[in-house]
Amino acid sequence: MRLEVLNIDDLKKTLNLDDIGQEMYGLISKLYPICRSITGNGIRETLNIIKELVPVDIHEVPAGTRVFDWTVPKEWNIKDAYVLNSKGKKIIDFKKSNLHVLGYSVPIQKKVSLAELKEHLFTLPDQPECIPYRTSYYKETWGFCLSHNQFLSLEDDEYEVFIDSSLEEGYLTYGEYYLKGETEDEVLISCHCCHPSLCNDNLSGMALATFLAKFLSRFSLSYSYRFLFIPGSIGSITWLALNESKTNHIKHGLVVACVGDSGKSTYKKSRQGDAEIDKVVIHVLKHSGKDYEIMDFSPYGYDERQYCSPGFNLPVGCLMRTPHGCFPEYHTSADNLDFIKSEFLTDSFSKYLSVLNVLEANKKYLNTNPKCEPQLGKRGLYGAIGGQKINPFNQFAMLWVLNLSDGDHTLLDIAERSGLEFDLIRNAAELLLKHNLLKEHPE
Amino acid sequence: MRLEVLNIDDLKKTLNLDDIGQEMYGLISKLYPICRSITGNGIRETLNIIKELVPVDIHEVPAGTRVFDWTVPKEWNIKDAYVLNSKGKKIIDFKKSNLHVLGYSVPIQKKVSLAELKEHLFTLPDQPECIPYRTSYYKETWGFCLSHNQFLSLEDDEYEVFIDSSLEEGYLTYGEYYLKGETEDEVLISCHCCHPSLCNDNLSGMALATFLAKFLSRFSLSYSYRFLFIPGSIGSITWLALNESKTNHIKHGLVVACVGDSGKSTYKKSRQGDAEIDKVVIHVLKHSGKDYEIMDFSPYGYDERQYCSPGFNLPVGCLMRTPHGCFPEYHTSADNLDFIKSEFLTDSFSKYLSVLNVLEANKKYLNTNPKCEPQLGKRGLYGAIGGQKINPFNQFAMLWVLNLSDGDHTLLDIAERSGLEFDLIRNAAELLLKHNLLKEHPE
Amino acid sequence: MRLEVLNIDDLKKTLNLDDIGQEMYGLISKLYPICRSITGNGIRETLNIIKELVPVDIHEVPAGTRVFDWTVPKEWNIKDAYVLNSKGKKIIDFKKSNLHVLGYSVPIQKKVSLAELKEHLFTLPDQPECIPYRTSYYKETWGFCLSHNQFLSLEDDEYEVFIDSSLEEGYLTYGEYYLKGETEDEVLISCHCCHPSLCNDNLSGMALATFLAKFLSRFSLSYSYRFLFIPGSIGSITWLALNESKTNHIKHGLVVACVGDSGKSTYKKSRQGDAEIDKVVIHVLKHSGKDYEIMDFSPYGYDERQYCSPGFNLPVGCLMRTPHGCFPEYHTSADNLDFIKSEFLTDSFSKYLSVLNVLEANKKYLNTNPKCEPQLGKRGLYGAIGGQKINPFNQFAMLWVLNLSDGDHTLLDIAERSGLEFDLIRNAAELLLKHNLLKEHPE
């Protein structure tokens with residue numbers, strides 16, 4: 001009976017969620033120093049660390065490969081970078097923070113005046129203590145990022161800029177973990193892993209996807225699961241271009257990002273807007289007992305932009321905490337190990353489990369006795385003494401399941417119409433199945 | 001012209017609603033002392049009293065008859081019951097209130113300690129002055145119900161319990177009154193009549209159904225009407241099992257219960273949720289000038305549970321005042337003759353009439369002159385002097401009826417879209433029919 | 001590229017809207033003194049003045065012509081009318097205000113007592129200083145309208161009433177201006193021109209329609225436009241009866257009335273309720289930055305009553321300011337040249353232009369690159385430096401257009417779903433078309 005395979009109540013007995021939160025935080029701490037970009041050794045090193053936990057396949061796609069309207073870019077690597085003042089002091093040092101270098105900076109070594117240097121500096125005047133995160137993937141240039149305070153203190157001087165990077169033919173690297181279930185129908189879990197030292201966006205997403213994959217791999221599940229660890233935009237475009245024939249198996253999907261901050265859970269709906277994944281996540285958040293936010297789809301954000309492009313229109317939403325661009329630490333050095341907390345990672349992980357719990361169990365059943373109610377009492381499913389005002393809650397759940405198991409309603413539909421939580425409905429369905437008062441619906 | 005047959009305005013000329021309220025109250029007073037249950041002589045006696053007002057057919061279904069998943073239970077009758085203390089004083093006496101005995105108690109005569117007695121006593125600690133109503137239809141046992149105050153005063157003593165009841169092969173008894181109309185399409189009015197001395201739940205429903213039947217029988221109506229006076233749950237299950245072939249004639253239905261208390265009118269929608277009966281009742285309540293409540297369907301409550309089981313899914317709602325379980329007197333001795341009032345019975349009766357009024361007249365018509373407005377003025381249907389700001393209200397109604405009589409809208413649809421009350425729209429339709437500006441819509 | 005033909009932004013460069021407001025006010029001032037009715041020389045004179053601005057065709061339909069359920073009435077003309085007191089003093093004088101005569105009064109000259117006179121007088125007791133506007137098109141009588149204050153001061157006397165009118169075979173006159181566009185699909189703009197000296201209702205509508213026609217005639221447009229200057233009710237009925245075969249070309253329509261007062265813009269939806277014209281006007285008002293009101297359709301008001309009769313059910317709404325009957329000056333002498341203002345005419349005109357702007361450009365396109373996003377950056381359509389929090393607004397618009405240009409969404413649908421204003425979306429679409437990232441949708 002697959003209903004029992006992935007049951008959040010059973011799961012919670014086998015798991016210490018707090019421990020998992022701390023393990024996720026530990027993984028993030030380990031990955032934090034690595035300088036990732038959309039290609040290069042940073043992402044390779046990252047995937048190899050993840051591979052210690054989950055046997056991800058690491059794919060290498062040659063630069064120059066055409067992927068729809070795009071071309072896989074050259075591979076970028078960097079060893080060191082700094083700016084020296086005339087006294088030879090390193091005033092900007094890549095080794096201290098990999099955010100200091102404009103992503104995809106071409107190699108350079110030259111002396112420049114302050115004026116020329118400034119043309120290559122990026123700061124955040126409104127957040128003068130933070131180093132911004134900036135990239136230039138598709139226009140060859142170089143640059144440094146620094147705090148606005150430091151920028152203001154720069155003196156008229158001759159500087160030496162040095163970037164020991166390479167931009168060469170090579171590969172785009174991504175990780176994929178496919179977990180075969182009972183059916184070929186699959187659930188896609190996708191995270192971007194192209195950002196350097198940024199914790200919430202998106203080391204948190206990578207950690208959550210990793211531990212979700214690790215956890216699920218212990219069970220025999222109904223759906224197959226596909227985890228993608230990909231560079232943002234170009235990674236999902238590449239995967240979709242090279243795996244177009246597989247996309248019709250994707251029945252539900254979630255993009256994981258920004259799952260470690262203290263903000264409330266936020267779900268951005270798929271382009272379809274009323275896909276099963278949308279209903280499931282909204283149900284889970286509604287019954288989470290915590291504040292949450294539902295956003296309509298917009299063609300902006302993470303890789304759901306690609307999964308939900310009109311030529312695919314996959315049912316893929318994005319379950320996060322504070323959305324990208326909505327927290328001031330976003331894309332700055334303040335998105336660091338202090339910004340995220342184990343407890344929020346735990347909470348996000350728990351909600352992802354609840355979502356998968358509903359997806360796995362959300363089936364249709366048929367009432368075997370659809371004319372009038374069956375006599376629950378003679379089966380011990382109903383209180384013997386009649387006339388009492390209040391009946392136990394699961395009797396309501398049983399009556400709802402019986403009343404709506406007509407082939408038109410999934411268990412989630414029943415949960416929604418009754419206002420009861422999914423697990424109550426599912427438990428009632430299991431009990432009724434056991435008493436042959438329900439049967440599986442021939443899809 | 002059937003429009004004129006059941007017109008609430010005409011009716012109100014022929015009726016003194018207050019008198020009917022008092023007659024309903026009188027019937028309730030007469031039926032109140034009888035000890036009814038789901039079978040037995042109490043229900044027979046009740047139906048015979050009703051038969052003096054309306055020629056109901058009394059059906060007897062043998063115990064043991066299989067009705068879907070259920071079996072008609074043995075017939076239960078009771079003559080007397082009491083508890084004596086060691087001094088021979090009747091401390092609990094069935095003759096004072098038939099609620100004192102647990103419904104379907106098996107016969108017993110024995111001496112018991114206080115401790116043993118207590119295992120068979122039912123009280124309401126939160127309402128210490130009330131005797132609860134309790135039954136044990138499907139588990140053979142015995143018991144007494146009493147106020148919690150009396151329970152607390154019971155002394156350690158030897159008690160004699162005596163229940164002179166019988167639980168034997170016999171019959172389930174129900175009443176049915178079928179009023180043939182122009183068509184075989186029928187309106188079902190169902191009430192449960194299995195409760196002992198409880199006024200609102202559901203002597204009020206029985207009285208309302210009786211007087212509605214009596215009243216309607218004087219008219220030639222479009223719909224046929226079926227009134228069921230049945231024991232709750234097992235009665236509707238039995239009727240549905242034995243009359244399955246008739247159920248496809250049921251086009252609309254209402255379960256009548258709790259129609260005598262001071263609360264606002266409450267309508268619980270059918271499982272379909274947007275059936276014509278749902279729209280009609282909501283329209284009537286909205287225009288009643290009084291507060292009201294609309295509840296979604298739930299598979300809990302009265303016999304709508306059975307009528308709306310998925311194998312039938314009949315368009316049957318429940319029009320009541322305060323819903324079951326929502327008034328503290330529910331299923332206690334406080335649901336007595338003081339709890340209900342003639343004026344509330346009158347108000348409920350009037351709303352039922354209004355509902356039937358709409359149902360009977362809710363037809364579709366066709367504008368015979370659909371291109372542009374017809375010239376109402378030349379037919380005397382429009383003010384002669386133009387340019388005035390305000391036109392009489394029924395001109396609005398006429399224009400709405402003409403505009404929407406396109407074959408897609410019933411008169412109720414027109415009333416709802418215009419915001420006007422049904423009778424205004426219907427009167428306008430009658431006037432337009434008379435001038436051949438409308439014709440009947442060939443269904 | 002027809003997108004550029006009628007673009008409100010381009011238009012605003014070619015127009016001084018304030019000047020047009022003043023020209024509209026000037027036209028109203030010129031037409032104000034003329035005594036119009038549903039037939040007669042007043043309407044002819046009016047149409048000839050309009051013809052100086054726009055080459056309207058003037059149609060004459062013989063009295064007695066059957067038009068659906070109606071008959072074109074006799075033509076009414078009036079030269080003079082007054083009431084003399086016994087001293088020969090003109091106490092009511094048509095020459096001072098053409099509202100003084102009941103419209104369609106038959107000729108009369110006779111001496112009458114005060115009592116008899118009063119049977120033919122119309123006043124507004126609640127607005128004692130105003131002369132009401134009254135007519136009697138379909139019942140032959142005569143009468144005078146006057147302020148209630150004057151009415152109260154009338155002394156017992158012998159009066160001479162004189163009305164030099166004629167009611168004879170003749171014609172119903174209306175104006176029509178058809179502007180051929182690229183397609184035969186047409187937009188109907190209809191105003192009533194049967195009211196005498198009343199400014200908001202409806203000289204304002206006639207002026208707006210005139211200047212809209214004049215303005216549009218300078219462009220090559222996608223839709224054809226039909227402007228009707230017709231007497232209210234009988235005029236639209238006559239046009240529909242005589243031009244029934246043309247009505248299937250009408251894809252959108254607006255009735256223009258009451259567009260010069262200080263009230264907020266009000267849109268009364270078409271009978272269909274969700275026609276494209278309804279969505280367009282609501283979008284324009286929502287983004288106008290000003291307060292507005294949306295009313296559901298009702299079969300009452302102006303000529304939308306006829307266009308939206310069930311036999312036609314054309315998508316015709318009514319875009320006005322304060323609706324008929326909702327301002328106290330309505331149908332009184334207070335609806336004069338002081339009641340309307342050039343600035344409000346300008347504002348109304350501007351909104352009509354915005355509506356037509358959307359209608360003309362509201363097409364469907366197809367994303368030529370529907371799988372994943374196209375690479376906007378390589379086409380210079382995207383900021384080169386990634387990672388920044390805020391992207392220019394038109395990038396959002398481009399992404400929305402790309403995401404929803406799937407054949408199911410018009411540009412207005414995209415504007416509505418994105419929450420962006422139509423022009424932003426349309427400009428994005430133009431840019432994408434230019435880069436071959438969109439193509440026209442084969443309808």
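Here are four short exercises, with worked solutions, on a predicted model.

**Exercise 1. Find out how many residues of chain B and chain C are in contact, and how much area the two chains bury.**

Step 1: Start with the residues. On one side there are 27 residues of chain B, and they touch 34 residues of chain C.

Step 2: Go on to area. The size of an interface is often given as the accessible area lost when the parts come together. For chain B and chain C, that comes to about 2,600 Å².

Step 3: Look at which atoms are involved. Carbon and sulfur atoms carry 51% of the area buried between chain B and chain C.

**Exercise 2. Describe what holds charges and polar groups together across chain B and chain C, then say which elements of chain B take part.**

Step 1: Count the salt bridges. The rule picks out five between chain B and chain C.

Step 2: Check an example. Lys371(B) and Glu244(C) have an N to O distance of 2.3 Å. That pair counts as a salt bridge because the cut-off is 4 Å.

Step 3: Add the polar contacts. There are 14 residue pairs of this kind across the interface, both residues at pLDDT 80 or more.

Step 4: Now see where the chain B residues sit. Helix H11 (393-404) and strand S18 (406-410) of chain B are the elements giving two or more residues to the side that touches chain C. H11(B) supplies the largest share, six residues.

Step 5: Sort that side of chain B by class. You get 11 nonpolar, nine polar and seven charged residues.

**Exercise 3. Work through the contact between chain A and chain C in the same manner.**

Step 1: Chain A puts in 34 residues and chain C puts in 27.

Step 2: The area buried between chain A and chain C is about 2,600 Å², with 51% of it on carbon and sulfur atoms.

Step 3: Five salt bridges link these chains. One of them joins the side chains of Asp69(A) and Lys378(C), at 3.6 Å from N to O.

Step 4: Polar contacts add up to 14 residue pairs, both at pLDDT 80 or more. On chain A, strand S3 (70-71), helix H7 (234-242) and helix H9 (304-307) each give at least two residues to the side touching chain C.

Step 5: By class, that side of chain A has 17 nonpolar, 10 polar and seven charged residues.

**Exercise 4. Is Ser262(B) buried or exposed?**

Step 1: Locate Ser262(B). You'll find Ser262(B) in the loop between strand S13 (250-256) and strand S14 (265-268) of chain B.

Step 2: Read off the relative accessible area, which is 55%. Exposed means over 50%, so Ser262(B) is exposed.

Key: Residues are numbered from 1 along each chain as its sequence is written. Chains are lettered from A and ligands numbered from 1 in the order in which they are written. This is a predicted model: local features need pLDDT of at least 70, side-chain atom pairs count only at pLDDT 80 or more; totals for chains, interfaces and linings use all residues. Side-chain values use heavy atoms; hydrogens and water are left out. Contact means heavy atoms within 4.5 Å. Buried area is the accessible area (1.4 Å probe) that two parts lose on being put together, summed over both. A polar contact is a pair of N or O atoms within 3.5 Å; within protein, one must be able to donate a hydrogen and the other to accept it, and residues adjacent in sequence count only if both atoms are side-chain atoms. Helices (H or I, at least four residues) and strands (E, at least two) are DSSP runs, numbered from the N terminus. Ala, Val, Leu, Ile, Met, Phe, Trp, Tyr, Cys and Pro count as nonpolar, Asp, Glu, Lys and Arg as charged, and the others, Gly among them, as polar. Buried means under 20% relative accessible area, exposed over 50%, partly exposed in between (1.4 Å probe, protein chains only).
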